[in-house]
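This report covers side-chain contacts in one protein chain. The topics are nonpolar packing, aromatic rings and charged pairs.

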Amino acid sequence: MKKIYIICGILLFIGIASGISFFLIRDANAQIPDNMTLMTQDKEDFTFGENNKKIKLVEFVYTHCPDICPTTTQKMLLLQRDLEKEGVFGDKVQFITVTIDPYRDTPEVMKEYMTTFEIKNDGNWLMITGNPDNMKEEQIKIREVAQTFQFQYRDPGNGFFVHTAFTYLIDENNKYIKKFPMGEEFNKDEVFKKIMKEI
């Protein structure tokens with residue numbers, strides 16, 4: 001009987017280790033498609049494969065979010081100030097906010113979101129949405145970008161999205177480095193240290 005318990009324990013450990021390894025490998029291989037073009041808050045095309053070669057912190061939000069999204073953006077704003085003090089924000093680091101609700105989050109709404117948080121519209125922090133003239137296709141593209149990082153979301157019908165809660169650090173080639181919790185669990189000091197280590 002003791003041997004059975006030992007064997008079961010070993011099998012359970014192997015199963016858990018395999019599962020963890022799967023998620024680590026999956027995340028490490030995540031990379032935004034180079035040819036994915038969406039629209040900025042200034043109604044300019046943004047193609048992930050053609051943007052500046054910078055380390056990027058990517059957050060997925062929707063502007064009607066009552067809690068976790070604005071909390072994350074606020075904490076990223078504090079992180080931005082720390083990076084500016086080091087002289088790396090804009091030069092070596094860029095923030096990207098992608099809406100998961102492009103129907104409501106038009107370029108104008110995304111620009112208002114920037115104004116609300118007093119984010120400078122200087123190209124160093126981009127607000128990404130879909131082209132209102134081709135919304136169904138744009139929604140598909142945004143979901144494809146989100147799924148690259150296994151960021152899951154859905155609208156249960158009341159306009160308040162259910163979504164996973166991570167931000168993502170990617171390198172100059174849009175390849176995954178590390179993910180961090182959103183909301184109150186977003187530790188700007190931890191993210192700061194990781195960014196500075198990667199530069």
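In this predicted model, Leu83 touches Val88, Phe89, Val93, Phe95, Phe192, Ile195 and Met196, leaving aside residues up to four places away in sequence. Leu83 is also among the residues with the most contacts inside the largest nonpolar core, together with Leu57, Phe60, Leu79 and Phe95. That core has 51 residues. In soluble globular proteins, nonpolar side chains tend to be buried together.

Phe60 also belongs to an aromatic cluster, whose other members are Tyr62, Phe149, Phe151, Tyr153, Phe161 and Tyr168. The count of aromatic pairs comes to 10. In one of them, Tyr153 and Phe161 are tilted, with 6.2 Å from centre to centre and 50° between the planes. Tyr153 counts as buried because its relative accessible area is 9%, under the 20% cut-off. Phe161 is likewise buried, at 12% relative accessibility.

Charged groups are also placed over rings. The charged end of Arg143 sits over the ring of Tyr153, 4.1 Å from the ring centre. Lys179 has its charged end over the ring of Phe166, 4.4 Å from the centre.

The structure holds 7 salt bridges, including those tabulated here with their closest N to O distances.

| Acidic residue | Basic residue | N to O distance |
|---|---|---|
| Asp42 | Lys111 | 3.0 Å |
| Asp82 | Lys188 | 2.6 Å |
| Glu138 | Lys141 | 2.9 Å |

The salt bridge between Asp42 and Lys111 links distant parts of the chain, 69 residues apart. Asp42 is in the loop between strand 1 (37-40) and strand 2 (45-47), while Lys111 is in helix 3 (residues 107-116). Asp42 is partly exposed at 30% relative accessibility, and Lys111 is partly exposed at 35%.

The salt bridge between Asp82 and Lys188 joins helix 2 (residues 68-85), which holds Asp82, to helix 5 (residues 188-198), which holds Lys188, so parts 106 residues apart in sequence are tied together. Asp82 is buried, with a relative accessible area of 18%, whereas Lys188 is partly exposed at 24%. Both residues are linked with Asp189 in a network of salt bridges.

Glu138 and Lys141, which form a salt bridge, both lie in helix 4 (residues 135-148). They are 3 residues apart, about one turn of the helix. Glu138 counts as buried because its relative accessible area is 4%, and Lys141 counts as buried at 17%.

How values were computed. Residues are numbered from 1 along each chain as its sequence is written. This is a predicted model: local features need pLDDT of at least 70, side-chain atom pairs count only at pLDDT 80 or more; totals for chains, interfaces and linings use all residues. Side-chain values use heavy atoms; hydrogens and water are left out. A nonpolar core is a set of buried Ala, Val, Leu, Ile, Met, Phe, Trp, Tyr and Cys residues joined through side-chain atoms within 4.5 Å. Buried means under 20% relative accessible area, exposed over 50%, partly exposed in between (1.4 Å probe, protein chains only). Contact means heavy atoms within 4.5 Å. Rings of Phe, Tyr and Trp (its six-membered ring) pair if their centres lie within 6.5 Å; planes under 30 degrees apart count as stacked, over 60 as edge-to-face and the rest as tilted. A charge sits over a ring if NZ of Lys or CZ of Arg is within 6 Å of the ring centre and within 35 degrees of the ring normal. A salt bridge is a side-chain nitrogen of Lys or Arg within 4 Å of a carboxyl oxygen of Asp or Glu. Helices (H or I, at least four residues) and strands (E, at least two) are DSSP runs, numbered from the N terminus.
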